[in-house]
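Dear colleague,

Please find below the structure that I am handing over to you. My findings follow it.

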Amino acid sequence: MYTPQRSALRNLKMRNKNADLVFPSHKPIPDKSVGASKQSGTNAPVKLVIKPLKVKPMLPVNFEDEMWHKLKSAIIAIHNHRPVKESFEELYKACENLCLHNMAPSLYSKLVNECEKHYIAEKRRLDDNPATQEAFLFEINRCWELHCQQMELIRSIFLYLDRTYVLHTPGIASIWDMGIELFRKHILPPSAVRQKTLWGLLSLIKYERGGDSINRPLVNTLINMFSQLNIYTQGFESQFLSETRDYYEEEGERLVEKLSVSNYIQHVSKRLEQEHQRIMNYLEKKTSTPLFKVVEDELIRKHIDTILAKGFSDLMKGDRNSRKNSKSKLEDLEELYDLLQRVNALDRLRAYFGNYIKNTGASIINDPIVNDPKQDVTVIEQLINFKRRMDEFVEVSFSSSYNFDQALKEGFETFINKRQTKPAELLAKFIDKKLKIGNKQTSDSEVESILNDALVLFRYIQGKDVFEGFYKRDFAKRLLMNKCASDDYERSMLFKMKRECGPGYTSNLEQMFKDIHTSREFMKAFYDSRYGDQLREEFKVDLHVNTLTQGSWPSYNPTPLNIPPEVAQCQQIYETFYREKARGKGLKWYNNLAYCVLSAYYPSGNKEFECTSFQAVTLLTFSELPQTELRTFEEIQQATGMETKELVRTLLTLACAKVKLLVKHPKGKDLKPTDKYSVCDDFKFKLFRIRINSVQMEKTMEENEKTVERVFLERHYQVDACAVRIMKMRKSLSFTELISELLGQLKFKAEVPDLKKRIESLIDREYLERGRDDPTIIRYLA
Amino acid sequence: MKVKIKSWNSVAIWKWDVPNEEVCGICRVAFDGCCSTCKTPGDDCPLIWGECSHVFHMHCLLRWLATEGSRGQCPMDRKAWVTAK
Ligand SMILES: [Zn+2]
Ligand SMILES: [Zn+2]
Ligand SMILES: [Zn+2]
């Protein structure tokens with residue numbers, strides 16, 4: 001395109017080089033008077049007298065016109081892409097000479113004038129140009145590129161002017177700036193041409209946003225032209241930004257409805273990257289901040305609630321079965337986190353995260369299976385898994401943010417403590433299952449990691465005393481029924497709780513553990529003593545005694561049971577030994593908590609039954625009876641001395657469970673008072689040693705220990721003691737001061753109305769009194 | 001069917017060997033509770049018997065014997081305190 005003109009310009013430049021006129025200003029400006037004095041100085045010393053010239057040297061009459069004529073025709077040639085006739089040396093000299101003869105001001109204004117004529121003509125040409133938008137942009141582009149080339153040439157011709165007169169005269173633009181000014185004034189004033197250029201540019205950018213590829217170098221030069229003309233901010237950027245706002249406003253509203261949240265997030269990220277590229281490719285760097293603000297406003301800030309409300313829980317849920325899917329959810333949330341961080345809206349995301357945890361957690365612990373004893377601990381498993389997933393989100397998606405970790409913690413604390421005692425009970429039960437014999441986890445590390453998970457939930461539970469109550473109940477069962485899978489696991493769990501809550505928290509549990517170990521040592525000493533010898537000689541019973549410290553264990557009540565005389569005698573022997581060894585101590589037997597092993601002889605072979613004392617005593621009343629002999633309920637009760645409730649439970653486990661040691665007449669699942677019982681001689685069961693269902697004894701132990709009530713009673717004592725202690729020290733406090741002191745000191749989370757009741761009760765019991773003048777004041781009564 | 005006891009796992013709670021409801025003559029707290037400075041009854045707050053057959057929380061008696069007024073005597077009968085063996 002435009003080949004003839006271009007080659008003309010190239011010729012011009014070539015000549016320029018040949019003439020060695022690239023930096024003409026480096027040549028010294030000749031000084032005629034110095035040259036003259038040198039000439040006369042070669043002779044012997046001469047007295048030099050300077051006389052004023054009588055007549056000023058005259059310039060040729062038409063000197064200025066001639067010089068200007070040369071220069072003007074060069075300007076015109078350059079503007080018209082024609083070769084310049086004169087050499088550049090000549091032109092430069094012409095300019096120099098005019099300047100030396102004080103004609104610079106008029107030369108400058110003539111130059112401006114001449115250039116202006118050119119731009120006025122150019123403008124006219126552009127106005128008449130009916131080209132399409134893109135062709136028009138090319139035209140402007142050409143115009144600008146020519147302007148730059150031409151001004152460069154003109155400036156080098158007029159360099160002397162530029163370096164002297166222009167440089168030293170304030171208020172006059174440099175030749176280059178003068179060109180820019182003329183271009184701006186005539187070609188791109190705030191007029192139709194500028195508008196046309198602007199809209200052309202904006203529509204190219206719009207095409208690019210729409211996915212088309214555009215002539216980026218063209219856009220780049222034109223935007224650069226706006227910058228050079230100093231109209232970038234006014235004449236381009238503000239319209240560009242408002243156009244951008246319109247574009248993304250529409251797009252945001254449309255896509256936030258149409259796309260899934262996950263796709264929308266990805267789209268926004270892509271848009272931000274594209275706009276970043278735009279900055280790199282052709283915009284001024286300073287546009288970056290306002291541009292991103294516009295995009296963030298329209299695509300993110302305006303739609304935060306829509307995005308979060310529509311998609312947050314979906315993003316969180318994921319599909320647990322699909323590894324890939326859940327991974328992409330993590331990434332989606334990470335992107336969402338990044339986007340919201342850009343617009344300073346992480347607190348909104350955090351609020352959604354917190355609420356999601358509260359709601360999901362509440363739906364887990366309110367699930368009806370909580371009331372199904374067979375499945376209820378799966379709730380704890382669900383909570384552990386839920387916690388693990390939320391941890392993963394915090395770590396991967398929310399860049400391990402402290403605030404999000406706090407939201408997670410608060411969420412768990414809130415929903416777990418909405419139900420007062422159930423989570424504590426279930427957690428204790430869950431741990432019990434894991435620490436009991438028969439638990440499926442085999443490796444130590446597996447058990448350890450489960451205990452750690454459980455401990456995390458433990459931390460969230462505010463009613464630590466409630467948990468301790470349940471834990472103690474289950475721990476007692478494990479210890480007394482010899483069901484601990486491993487002493488090491490037990491110790492590890494105690495250590496963990498101690499580390500969380502201090503030594504006071506586990507002192508009872510540790511005492512229990514110690515009692516069991518002390519009992520083993522005592523048994524060893526017993527069998528090494530003459531009492532042990534005596535027992536072995538007289539009886540064939542292998543006796544073990546667990547001796548408990550009262551107060552550390554759950555409170556059990558002994559219930560009546562006629563233990564076999566030989567067992568009673570064995571215990572007698574042991575007690576004699578014990579009194580001798582542990583001076584000052586005696587024993588109180590709890591036969592309802594005993595369990596034993598029976599040897600059974602059937603026609604088909606021998607068996608061993610592990611059973612509770614109730615079951616053993618009941619079975620013993622049937623020993624050696626023929627199968628035909630039936631016993632009534634009353635007869636059995638007479639022989640065993642058991643309470644009706646306990647005997648009913650015992651008979652159910654012996655005659656109605658899967659392993660039937662007794663036969664009920666008539667058969668059936670329920671017991672009737674008229675039923676009769678007999679032995680079952682054709683007992684067929686493969687195993688030699690059979691563990692008879694001991695749920696009954698566990699029930700007995702749980703009933704005796706009314707865990708929750710005891711815990712709440714214990715809380716009353718603690719409040720009373722704490723209130724009296726505070727008042728003893730402070731003598732007199734207002735009601736509200738006392739309550740806030742109590743809230744600060746009590747180890748469990750107390751409710752204000754409960755505290756008020758306790759204070760009233762202390763007033764009734766005359767530990768405290770109300771002020772006579774001011775009833776809101778509480779006083780200590782010595 | 002014939003059954004015999006092979007092993008018997010008993011549970012017992014130990015108690016101080018003192019008559020029920022009897023209290024420590026010094027602090028007036030029952031013996032299955034602890035002295036005024038201890039928190040949990042049991043081995044941590046043991047009892048002490050004198051040859052005079054009186055019994056106290058060991059902590060209570062030691063505190064008593066440390067006072068000048070005690071003159072090393074049993075606070076119940078004012079005989080010289082000798083711990084029973
Ligand atoms: Zn005492
Ligand atoms: Zn004590
Ligand atoms: Zn005495």
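The notes below cover conventions, the zinc site, strand pairing, the largest pocket and some backbone features.

This is a predicted model, in which local features need pLDDT of at least 70 and side-chain atom pairs count only at pLDDT 80 or more, while totals for chains, interfaces and linings use all residues. Residues are numbered from 1 along each chain as its sequence is written, chains are lettered from A and ligands numbered from 1 in the order in which they are written, and side-chain values use heavy atoms, with hydrogens and water left out.

Zinc site

The zinc ion (ligand 2) has as its protein donors B:Cys35 (SG), B:Cys38 (SG), B:Cys45 (SG) and B:His59 (ND1), at 1.9 to 2.3 Å. Donors here are N, O and S atoms within 2.8 Å of the metal (3.2 Å for Na, K and Ca); water is not among the atoms, so sites may look incomplete. The site is tetrahedral, with angles of 97 to 117° among the four donor atoms; four donors receive that label if all angles lie between 85 and 135 degrees. Along the sequence, the donor residues follow the spacing C-x2-C-x6-C-x13-H. B:Cys45 counts as buried, at 1% relative accessibility. The classes are buried under 20% relative accessible area, exposed over 50% and partly exposed in between (1.4 Å probe, protein chains only).

Strand pairing between the chains

Strand S1 (residues 2-16) of chain B has eleven of its 15 residues buried, and is thus mostly covered. Strands (E, at least two residues) and helices (H or I, at least four) are DSSP runs, numbered from the N terminus. Two strands pair if DSSP finds at least two bridges between them. S1(B) pairs with three strands of chain A, as follows.

- Strand S1 (residues 542-549) of chain A runs parallel to S1(B) over eight bridges, and A:Val545 has B:Ser10 as its bridge partner.
- Strand S2 (residues 585-589) of chain A is antiparallel to S1(B) over five bridges, with A:Lys588 opposite B:Ile13.
- Strand S3 (residues 595-602) of chain A is antiparallel to S1(B) over seven bridges, and A:Ser599 is partnered by B:Lys4.

Largest pocket

The largest pocket has a volume of about 1,900 Å³. Of its 42 lining residues, A:Glu468, A:Asn508, A:Glu714, A:Gln718 and B:Thr40 are the closest to its centre. Helix H21 (464-480), helix H23 (503-528) and helix H30 (707-730) of chain A are the elements that give two or more residues to the lining, and H30(A) supplies the largest share, ten residues. On a 1 Å grid over the protein atoms alone, a pocket is an open set of points where a 1.4 Å probe fits, with protein on both sides within 12 Å along at least five of seven lines; lining residues have an atom within 4 Å of a point. Grid points are joined across faces, edges and corners, and the volume is the space filled by probe spheres set on them.

Backbone features

The peptide bond from A:His665 to A:Pro666 is cis, with omega near -10°. A:Pro666 lies in the loop between strand S6 (662-665) and strand S7 (676-679) of chain A.

B:Arg71, although not a glycine, has a positive phi of about 50°. B:Arg71 belongs to the segment after helix H1 (58-66) of chain B and is exposed, with a relative accessible area of 68%.

Kind regards

Methods. Four donors count as tetrahedral if all angles lie between 85 and 135 degrees; four count as square planar and six as octahedral if opposite donors are over 155 degrees apart and all others between 65 and 115; anything else is irregular.
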